[in-house]
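Me: I would like a close look at one part of this predicted model, namely its aromatic pairs. Please follow the rings outwards into the core and the pockets, so that I can see what surrounds them.

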Amino acid sequence: MKRSSTWMMLAPGLVILLVCLAMPLLKVLIPTFFTGDYPFSSYLQFFQDGYYLKIFFRTVRIAVITTLICMVGGIPTAYFISRCNKKWRGLLLAASIFPMMTNSVIRSFAWINILGSNGIINKVLMAVGAVQKPMKLLYTDFAIIIGSVYLFLPLMIVTVTGVMENIDDDMMEAAWSLGANRISAFMKVIFPMSLPGIIVGGILVFTGTLTAYTTPQLLGGNSNMVLSTLIYQRAMSVGDWNGASVVALIMILVTLAVIKGFNALAARLDKRGE
């Protein structure tokens, strides 16, 4: 009886996923397997094309760098917030989430004003005599990474904070009493216990950066295309829906591989089960 009632409750959601997600996705992706002279030739052509490979590796590189920066900045911040009292913890979490309440287009335009040739950074550098002419900061991989970090860092902070605030302070005190310094105690106690939140945060940041469209388009421009902007170009500008579907499936497979890799890394780092 319990099993049947569980399936009855899951049925509406499963039907919606099947009709609205799985069926349209399969309808778009299945033809890509048989387009060309032989099966999977579209995918082979993608990885044989130097232009597409350059876009693929640029996208993955930007996503990896963004994820690492968010981890380096987000984990210590989350630890600090988790150790504040509840009053300050709520305020700091609200401050962390506040940028997410602004549309990503508006945030990207703000970075255009900061990184542009007449932006704040170039004006300050030229005013102090550090440079003679404006630096090219906008429409570069650097601009995409900066915008992506600003976009997804709150996700890392909030996710890791939710795990760390459930770790008892007595764990750190026990490590100190055994002779560990703060850094050693953090790495051997807090970090392993926070791995679930770090893994989830890393996956959210990586997949979000990998699939983001607005930030790369506005801050990277057409000269620094990524996979998401390539999909838009193939589908809307060229009308090559098959090519766009090929890129979409490659992005899905990369995302699944990264999730698998994160989980394997977590299992390797977390030795508590041994």
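Reply: There are 12 aromatic pairs in the structure, which, it should be said at once, is a predicted model. One of these pairs is formed by Phe56 and Phe57, whose ring centres are 5.4 Å apart and whose planes stand at 75°, an angle over the 60 degrees required, so the pair is classed as edge-to-face. The two partners are not equally covered: Phe56, with a relative accessibility of 12%, counts as buried because the limit for that class is under 20%, whereas Phe57, at 49%, counts as partly exposed.

A second edge-to-face pair joins Trp111 and Tyr150, with the ring centres 5.9 Å apart and the planes again at 75°. Trp111 belongs to helix α5 (residues 104-115) and Tyr150 to helix α7, so this pair ties together parts of the chain that are 39 residues apart in sequence. Tyr150 itself, at 34% relative accessibility, counts as partly exposed.

Phe56 and Phe57 also have a place in a wider arrangement, since ring pairs link them with Phe46, Phe47, Tyr51 and Tyr52 into a cluster. From this cluster one can step into the interior by way of Phe46, which, together with Leu227 and Leu230, touches the most other members of the largest nonpolar core, a set of 49 residues. The elements that each give two or more residues to this core are α2 (41-48), α3 (50-82), α7 (141-164), α8 (169-177), α9 (182-193), α10 (195-211), α12 (227-237) and α13 (241-269). In soluble globular proteins, nonpolar side chains tend to be buried together. Leu227 shows how the cluster and the core meet, for, when residues up to four places away in sequence are not counted, Leu227 touches Phe46 and Phe56 as well as Ile55, Thr59, Val247 and Met251. Apart from the largest core lies another one, of 7 residues, and among them is Trp111, the partner of Tyr150 described above, along with Leu137, Ala143 and Leu219.

The cluster residue Tyr52 leads on to the second largest pocket, which has a volume of about 200 Å³. Of the 14 residues that line this pocket, Tyr52 is one of those nearest its centre, the others being Ser42, Gln45, Asp240 and Gly243. Helices α2, α12 and α13 each supply at least two residues of the lining, which by class is made up of 5 nonpolar, 7 polar and 2 charged residues.

The largest pocket, with about 250 Å³ of space, has a lining of another character: 14 nonpolar and 2 polar residues, with no charged ones. Its lining consists of 16 residues, and those closest to the centre are Thr67, Leu68, Met71, Phe262 and Leu265. Two or more lining residues come from each of α3, α10 and α13, and α13 provides the largest share, with 6 residues.

Helix α13 also holds Thr255, which is buried, with a relative accessible area of 15%. Leaving aside residues up to four places away in sequence, Thr255 touches Thr207 and Leu210.

How values were computed
Residues are numbered from 1 along each chain as its sequence is written. This is a predicted model: local features need pLDDT of at least 70, side-chain atom pairs count only at pLDDT 80 or more; totals for chains, interfaces and linings use all residues. Side-chain values use heavy atoms; hydrogens and water are left out. A nonpolar core is a set of buried Ala, Val, Leu, Ile, Met, Phe, Trp, Tyr and Cys residues joined through side-chain atoms within 4.5 Å. Buried means under 20% relative accessible area, exposed over 50%, partly exposed in between (1.4 Å probe, protein chains only). Helices (H or I, at least four residues) and strands (E, at least two) are DSSP runs, numbered from the N terminus. Contact means heavy atoms within 4.5 Å. On a 1 Å grid over the protein atoms alone, a cavity is a set of points where a 1.4 Å probe fits but cannot get out, and a pocket is an open set with protein on both sides within 12 Å along at least five of seven lines; lining residues have an atom within 4 Å of a point. Grid points are joined across faces, edges and corners, and a volume is the space filled by probe spheres set on the points. Ala, Val, Leu, Ile, Met, Phe, Trp, Tyr, Cys and Pro count as nonpolar, Asp, Glu, Lys and Arg as charged, and the others, Gly among them, as polar. Rings of Phe, Tyr and Trp (its six-membered ring) pair if their centres lie within 6.5 Å; planes under 30 degrees apart count as stacked, over 60 as edge-to-face and the rest as tilted.
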